[in-house]
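Work through the exercises below with the sequence and the model at hand. Each task is followed by a solution in steps.

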Amino acid sequence: MKYVMVHVFDVPYPADREYTYSIPEEYENIVAVGSVVIVPFGKSNRQKNAVVTNLSDKCECKVVKPIISVMNEYFWLDADML
């Protein structure tokens, strides 16, 4: 299984940090650093937009939610934008 670290858009300052999500198999070849994805956020699993900041094959988290979808596989933020 592969994982992404993301920064969620439009969250309060104390929650502004990297979060880890798993990548469902159908998105493994699409997701890259800079991709904009939709993730379930918080206890209520509210759908939020997030930008992928890192990819990994390992995760030390006990519970990891999967990303919901990729906003647009042809739209991403480049290194300067990140």
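**Exercise 1. The hairpin of β3 and β4**

Task: in this predicted model, find how many residues lie between the strands of the hairpin of β3 and β4, and which glycine there takes a positive phi.

Solution.
- Step 1. Take the strand limits: β3 covers 36-41 and β4 covers 46-56.
- Step 2. The hairpin has four residues between these two strands.
- Step 3. Gly42 is the glycine in question, with a positive phi near 80°.
- Step 4. Asn45, in the loop between β3 and β4, also has a positive phi, about 55°, although it is not a glycine.
- Step 5. The relative accessible area of Asn45 is 39%, which makes Asn45 partly exposed.

**Exercise 2. A second non-glycine with positive phi**

Task: locate Asp10 and decide whether it is buried or exposed.

Solution.
- Step 1. Asp10 sits in the loop that links β1 (3-8) to β2 (18-22).
- Step 2. The phi of Asp10 is positive, about 55°, and Asp10 is not a glycine.
- Step 3. The cut-off for exposed is over 50% relative accessible area. Asp10 reaches 69%, so it counts as exposed.

**Exercise 3. Strand pairing around β4**

Task: state how β4 pairs with β1 and with β3, and name the residues that stand opposite Ala50 in each case.

Solution.
- Step 1. List the elements: the protein has five strands and zero helices, in the order β-β-β-β-β from the N terminus.
- Step 2. β1 and β4 run antiparallel and are joined by six bridges.
- Step 3. The pairing of β3 with β4 is antiparallel and has six bridges.
- Step 4. Val8 is opposite Ala50 of β4, and Val37 has Ala50 as its bridge partner in β4.

**Exercise 4. Ser69 and Asn72**

Task: is Ser69 buried or exposed, and which residues does Ser69 touch beyond four places in sequence?

Solution.
- Step 1. Ser69 belongs to strand β5, residues 69-70.
- Step 2. Buried means under 20% relative accessible area. Ser69 has 17%, so it is buried.
- Step 3. Leaving out residues up to four places away, Ser69 touches Tyr27, Val37 and Ile38.
- Step 4. Asn72 lies in the segment after β5 and is partly exposed at 38% relative accessibility.
- Step 5. Between Asn72 and Ser35 there are 8.0 Å from C-alpha to C-alpha, with the two residues 37 apart in sequence.

**Exercise 5. The largest pocket**

Task: give the volume of the largest pocket, its lining residues and the element with the largest share of the lining.

Solution.
- Step 1. The largest pocket holds about 200 Å³ of space.
- Step 2. Its lining consists of Tyr19, Thr20, Tyr21, Pro40, Phe41, Gly42, Cys61, Lys62, Val63, Val64 and Lys65.
- Step 3. At least two lining residues come from each of β2 and β3; β2 has the largest share, with three.
- Step 4. By class, the lining has seven nonpolar, two polar and two charged residues.

**Exercise 6. Whole-chain totals**

Task: what percentage of the residues is buried, and what share of the contacts joins residues at least 24 apart?

Solution.
- Step 1. Of the 82 residues, 37% are buried.
- Step 2. Among contacts between residues at least 6 apart in sequence, 63% join residues at least 24 apart.
- Step 3. The accessible surface is about 5800 Å², and carbon and sulfur atoms account for 50% of it.

Terms used:
Residues numbered from 1 in each chain as written. Predicted model: local features only at pLDDT ≥ 70, side-chain atom pairs only at ≥ 80, totals over all residues. Heavy atoms only, no water. Buried < 20%, exposed > 50% of the residue type's maximum accessible area, 1.4 Å probe, protein only. Contact = heavy atoms within 4.5 Å. Areas by Shrake-Rupley, 256 points an atom, 1.4 Å probe, with all protein chains shown as cover. 1 Å grid on protein atoms, 1.4 Å probe; cavity = no way out; pocket = protein on both sides within 12 Å on 5 of 7 lines; lining within 4 Å. Points joined across faces, edges and corners; volume = space filled by probe spheres on them. Nonpolar A, V, L, I, M, F, W, Y, C, P; charged D, E, K, R; others polar. Pairing = 2+ DSSP bridges.
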